[in-house]
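Trainee: I am new to this structure and would like to go through it step by step. Can we take it as questions and answers?

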Amino acid sequence: MTSLPSILGGLDPTSDRAVFRQIADQLREAIDRGRFKEGEKLPSEAELVEHYGVSRMTVRNSFSILQGEGLVHAEHGRGVFVRPRPPVRRLASDRFARRHREQGKSAFIVEADAAGSHPTVDSLEVKEEKASQDISTRLGSVRRVLARRRRYLLDGRPVEFATSYLPLDIARGTPIAEPNPGPGGIYARLEELGHQLDHFEEEIRARMPSPSEVKTLQLASGVPVIHLIRTAFDTAGRAVEVCDTVMAADAYVLSYQLPAT
């Protein structure tokens with residue numbers, strides 16, 4: 001590692017900003033400038049104590065700020081590391097293109113391939129259930145739905161989990177109700193059933209995760225989630241699926257192309 005004086009400055013004794021915040025500011029700037037790269041270990045507590053002439057608790061408070069911002073993560077017994085940048089680019093204008101389904105690929109597989117990652121799915125559950133008021137409204141006042149719940153992983157790391165809700169009159173007794181619906185996923189099966197997809201509507205918001213979401217996605221402290229609800233419509237204007245998805249915000253870049261007119 002390059003010597004700390006060449007990477008990090010000194011403290012300003014005349015500043016009214018707390019010492020631990022000054023240290024966090026300098027570490028953050030070094031990360032932003034690439035002086036500490038993704039996956040790289042930050043200087044140890046002992047090294048920072050010696051460099052700044054402060055207590056270990058002061059250094060730990062500085063690390064806590066950066067962890068809360070999602071910039072770093074601590075590994076017990078190993079140290080504090082710079083968190084990797086989002087590896088997956090989710091291109092909204094391309095992810096549901098029919099050509100992918102015709103090639104037998106779901107949107108998640110397409111994105112994983114582009115990121116050079118190995119995709120897997122676990123925690124799969126498929127069952128019929130009563131629709132919530134929100135899901136019922138989005139699907140045109142249906143009372144019961146087929147729910148497909150699954151968690152997605154890249155290279156063994158959980159990055160999102162999603163639940164798809166489909167009207168029973170469409171999905172019951174079809175491959176959509178099977179754990180593995182086949183090549184191209186449920187959208188390919190919907191089109192085979194005569195529901196050619198026309199467009200999608202998405203609602204997106206960012207928020208902090210619930211305790212269960214932290215556990216399911218194995219989120220580090222300070223990492224928010226992206227909560228996305230998508231409704232798929234066929235060419236007759238019918239809503240044929242609602243997908244409720246929660247994504248680890250540090251795993252994705254959401255990319256959109258918008259018309260100029």
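Trainee: In the hairpin of strand 1 and strand 2, which residue takes a positive phi?

Mentor: Keep in mind that this is a predicted model. Strand 1 (residues 72-75) and strand 2 run antiparallel and are joined by 4 bridges, with Glu 75 opposite Gly 79 in strand 2. The hairpin has 3 residues between the strands, and the one with a positive phi, near 80 degrees, is Gly 77.

Trainee: Which residue in the turn between strand 8 and strand 9 has a positive phi?

Mentor: Strand 8 (residues 225-234) and strand 9 (residues 239-248) are antiparallel partners over 9 bridges. They form a hairpin with 4 residues between them. In that turn, the residue with a positive phi, about 90 degrees, is Gly 237.

Trainee: What is the order of the strands in the open sheet of 6 strands?

Mentor: Two of the pairings can be placed beforehand. Strand 8 pairs with strand 9, and strand 6 (residues 157-167) pairs with strand 9 in the antiparallel sense over 6 bridges. The pairing in the sheet is antiparallel, and the order is 4-5-6-9-8-7.

Trainee: Which strands stand at the edges of that sheet?

Mentor: An edge strand here has a single partner strand, so one of its sides is left without a neighbour in the sheet. From one strand to the next, the twist averages 15 degrees. The edge strands are strand 4 (119-130) and strand 7 (197-207).

Trainee: Which residue of strand 9 is the bridge partner of Tyr 165?

Mentor: Strand 9 pairs with strand 6 and also with strand 8. From strand 8, Ile 229 stands opposite Asp 244, while Thr 231 stands opposite Val 242. The bridge partner of Tyr 165 is Val 242.

Trainee: How many of the residues of strand 9 are buried?

Mentor: Strand 9 has strand 8 as a partner and strand 6 as another. The strand is mostly covered, and of its 10 residues the number buried is 9.

Trainee: Is Thr 231 buried or exposed?

Mentor: Thr 231 lies in strand 8. Leaving aside neighbours within four places in sequence, its contacts include Arg 138, His 199, Phe 200, Glu 201 and Val 242. Buried means under 20% relative accessible area. Thr 231 has a relative accessible area of 5%, so it is buried.

Trainee: Which residues other than glycine have a positive phi, and are they buried or exposed?

Mentor: One is in the loop between helix 7 (133-138) and strand 5 (144-154): this is Ser 141, with phi near 70 degrees and 59% relative accessibility. Another is in the loop between helix 10 (211-217) and strand 8: this is Gln 218, with phi of about 50 degrees and a relative accessible area of 57%. Ser 141 counts as exposed, and Gln 218 is likewise exposed.

Trainee: Which helix gives the most residues to the largest nonpolar core?

Mentor: That core has 21 residues, and those with the most contacts inside it include Leu 8, Leu 27, Phe 63 and Val 72. Helix 1 (4-7), helix 2 (19-32), helix 3 (45-52), helix 4 (56-68) and strand 2 (79-82) each supply at least two residues. The helix that gives the most, with 5 residues, is helix 2.

Trainee: How many residues does the second, separate core have?

Mentor: Among its members are Val 88, Leu 154, Val 223 and Val 225. The number of residues in this second core is 19.

Trainee: How many residues of helix 9 are buried?

Mentor: Helix 9 (residues 185-192) is mostly covered. Its buried residues include Ile 186, Tyr 187, Arg 189 and Glu 191. Gly 194, with a positive phi near 100 degrees, follows the helix. Of the 8 residues of helix 9, the number buried is 7.

Trainee: What is the radius of gyration of the protein chain?

Mentor: The chain comes to 10 helices and 10 strands. For 261 residues the globule rule gives 18 Å, and the chain is well over that, so it is more spread out than a compact globule. Its C-alpha atoms fill a box of roughly 70 × 40 × 35 Å along the principal axes. The radius of gyration is 23 Å.

Definitions and conventions:
Residues are numbered from 1 along each chain as its sequence is written. This is a predicted model: local features need pLDDT of at least 70, side-chain atom pairs count only at pLDDT 80 or more; totals for chains, interfaces and linings use all residues. Side-chain values use heavy atoms; hydrogens and water are left out. Buried means under 20% relative accessible area, exposed over 50%, partly exposed in between (1.4 Å probe, protein chains only). Two strands pair if DSSP finds at least two bridges between them. Axes are lines fitted to C-alpha atoms, for helices over the stretch in contact, and angles run from 0 to 180 degrees between N-to-C directions. A nonpolar core is a set of buried Ala, Val, Leu, Ile, Met, Phe, Trp, Tyr and Cys residues joined through side-chain atoms within 4.5 Å. Contact means heavy atoms within 4.5 Å. The radius of gyration is taken over C-alpha atoms; the globule rule is 2.2 Å times the number of residues to the power 0.38.
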